[in-house]
Amino acid sequence: MGDKAKNAAPATREPLKIGVLISGSGTNLQAIIDEIAVGKVNAQIVLVLSSRPDAYGLQRAEAAGIPTVAFNRDIYADVHAANQRIADEMKAAGAEYLFMAGYMRMVGAEVLDAYPDRVVNLHPALLPSFVGAHAIQDAFDAGVKVTGITVHFANAEYDKGPIIAQKAVRVKEGDTLDALEARIHKAEHKLYPKVVRWIADGRVSIDENRHVVVSEKQ
């Protein structure tokens with residue numbers, strides 16, 4: 001018995017069950033799907049929920065065999081009811097964490113209370129700079145030499161939750177907005193699945209000062 005215990009393979013974590021919120025083309029969703037498929041991220045996407053029924057990301061999810069739910073503008077007429085429905089749909093699907101991937105609405109207390117410190121957002125700027133929905137355009141217009149991306153936990157304040165990771169993206173001389181946006185999206189597609197992997201591996205926590213700690217891989 002003792003020898004068998006010594007030689008036993010280490011226990012592996014069950015895949016983290018996650019829900020993904022989208023509003024558009026779903027390129028970051030696809031990046032996560034791809035990393036899960038090749039075994040780099042120990043997670044399972046149990047539901048993709050879109051704020052728009054025509055979002056192309058829904059087709060990406062369906063192609064990968066992932067259940068989907070599509071909201072429309074009428075549902076958001078009552079924002080509190082919409083957020084409660086998001087929480088209910090994700091809980092019913094078994095989601096343990098939620099990842100916003102181009103979700104163009106702010107999640108409310110109904111979702112945040114259902115998933116305390118378990119709602120993650122991706123923002124295309126180096127927070128706290130350039131908050132809001134037009135961060136790439138705002139950074140470009142400001143003439144900064146460096147912008148980037150931020151992955152953070154969502155909270156009740158827009159784009160102000162605890163920061164998990166950031167990646168700088170240089171603004172090149174003669175850059176166009178389209179060229180800058182393309183490089184930012186390329187950086188997103190690398191960093192966001194990496195953060196999903198960290199969380200799935202149990203490496204991310206928040207300390208008493210509300211700062212994120214990412215531990216070394218065991």
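This passage describes the fold, the nonpolar cores and selected residues of a predicted model of one protein chain.

The secondary structure of the chain consists of seven helices and nine strands. The C-alpha trace extends over about 65 × 40 × 40 Å along its principal axes. For a chain of 218 residues, a compact globule would be expected to have a radius of gyration near 17 Å, and the value of 18 Å found for the protein chain agrees with this. Of the 218 residues, 42% are buried. Among contacts with a separation of 6 or more, 61% are formed by residues 24 or more positions apart. The area exposed by the chain is about 11700 Å², of which carbon and sulfur atoms supply 50%. The chain carries 25 positive and 27 negative charges, and the mean positions of the two sets lie 7 Å apart.

In soluble globular proteins, nonpolar side chains tend to be buried together. In the present model, the largest nonpolar core comprises 39 residues, and the members with the most contacts inside it are Ile 18, Ile 45, Val 120, Ile 164 and Ile 199. At least two residues of this core are supplied by each of the strands E1 (16-22), E2 (43-50), E4 (97-100), E5 (119-123), E6 (146-153) and E7 (163-170), and likewise by each of the helices H2 (27-37) and H7 (177-200). Helix H7 provides the largest share, with ten residues. Another core, of 22 residues, lies apart from this one and includes Val 46, Leu 49, Ala 82 and Ala 154.

The surroundings of Ile 45 illustrate the packing within the largest core. Neighbours within four places in sequence being left aside, Ile 45 is in contact with Ile 18, Val 20, Leu 29, Ile 32, Ile 33, Ile 36 and Ile 66. Leu 29, Ile 32 and Ile 33 are also among the buried residues of helix H2, together with Asn 28 and Ala 31. The buried residues of H2 pack against strands E1, E2 and E5 and against helices H3 (57-63) and H7. Asp 34 is likewise located in H2, but its relative accessibility of 38% places this residue in the partly exposed class. The C-alpha atom of Asp 34 is separated by 11 Å from that of Arg 60, which is 26 residues away along the chain. Helix H2 is followed by Gly 39, which has a positive phi near 85°.

Ala 82, one of the residues of the 22-residue core, belongs to helix H4 (residues 79-93). Its relative accessible area is 0%, and Ala 82 is therefore buried. Beyond neighbours within four places in sequence, Ala 82 is in contact with Phe 71, Ile 75 and Tyr 76. A distance of 20 Å separates its C-alpha atom from that of Asp 117, a residue 35 positions away along the chain.

Two polar residues on strands E5 and E6 were also examined. Asn 121 is situated in strand E5 and counts as buried, with a relative accessibility of 10%. Residues up to four places away in sequence being excluded, Asn 121 touches Met 100, Thr 150, Val 151, His 152, Asp 159 and Tyr 192. His 152 is part of strand E6 and is also classed as buried, its relative accessibility being 1%. With the corresponding exclusion of residues up to four places away, the contacts of His 152 comprise Val 119, Val 120, Asn 121, Leu 127, Asp 159, Lys 160, Gly 161, Pro 162, Ile 163 and Ile 164.

Most residues other than glycine have a negative phi, and most peptide bonds are trans. Several positions in the model depart from these tendencies. The peptide bond leading from Leu 127 to Pro 128 is cis, with omega near 15°. Pro 128 lies in the loop between strand E5 and helix H6 (135-142). Phe 130 is found in the loop between E5 and H6 as well, and has a positive phi near 55° while not being a glycine. The relative accessibility of Phe 130 is 24%, so that this residue counts as partly exposed. A positive phi of about 55° is also found at Asp 117, again a residue other than glycine. Asp 117 is placed in the loop between helix H5 (109-114) and strand E5 and is partly exposed, with a relative accessible area of 30%.

Note on methods
Residues are numbered from 1 along each chain as its sequence is written. This is a predicted model: local features need pLDDT of at least 70, side-chain atom pairs count only at pLDDT 80 or more; totals for chains, interfaces and linings use all residues. Side-chain values use heavy atoms; hydrogens and water are left out. Helices (H or I, at least four residues) and strands (E, at least two) are DSSP runs, numbered from the N terminus. The radius of gyration is taken over C-alpha atoms; the globule rule is 2.2 Å times the number of residues to the power 0.38. Buried means under 20% relative accessible area, exposed over 50%, partly exposed in between (1.4 Å probe, protein chains only). Contact means heavy atoms within 4.5 Å. Accessible areas come from the Shrake-Rupley method with a 1.4 Å probe; for residues, only the protein chains shown count as cover. Lys and Arg count as positive and Asp and Glu as negative; His and the chain ends are not counted. The place of a charge is taken as NZ of Lys, CZ of Arg, CG of Asp or CD of Glu. A nonpolar core is a set of buried Ala, Val, Leu, Ile, Met, Phe, Trp, Tyr and Cys residues joined through side-chain atoms within 4.5 Å.
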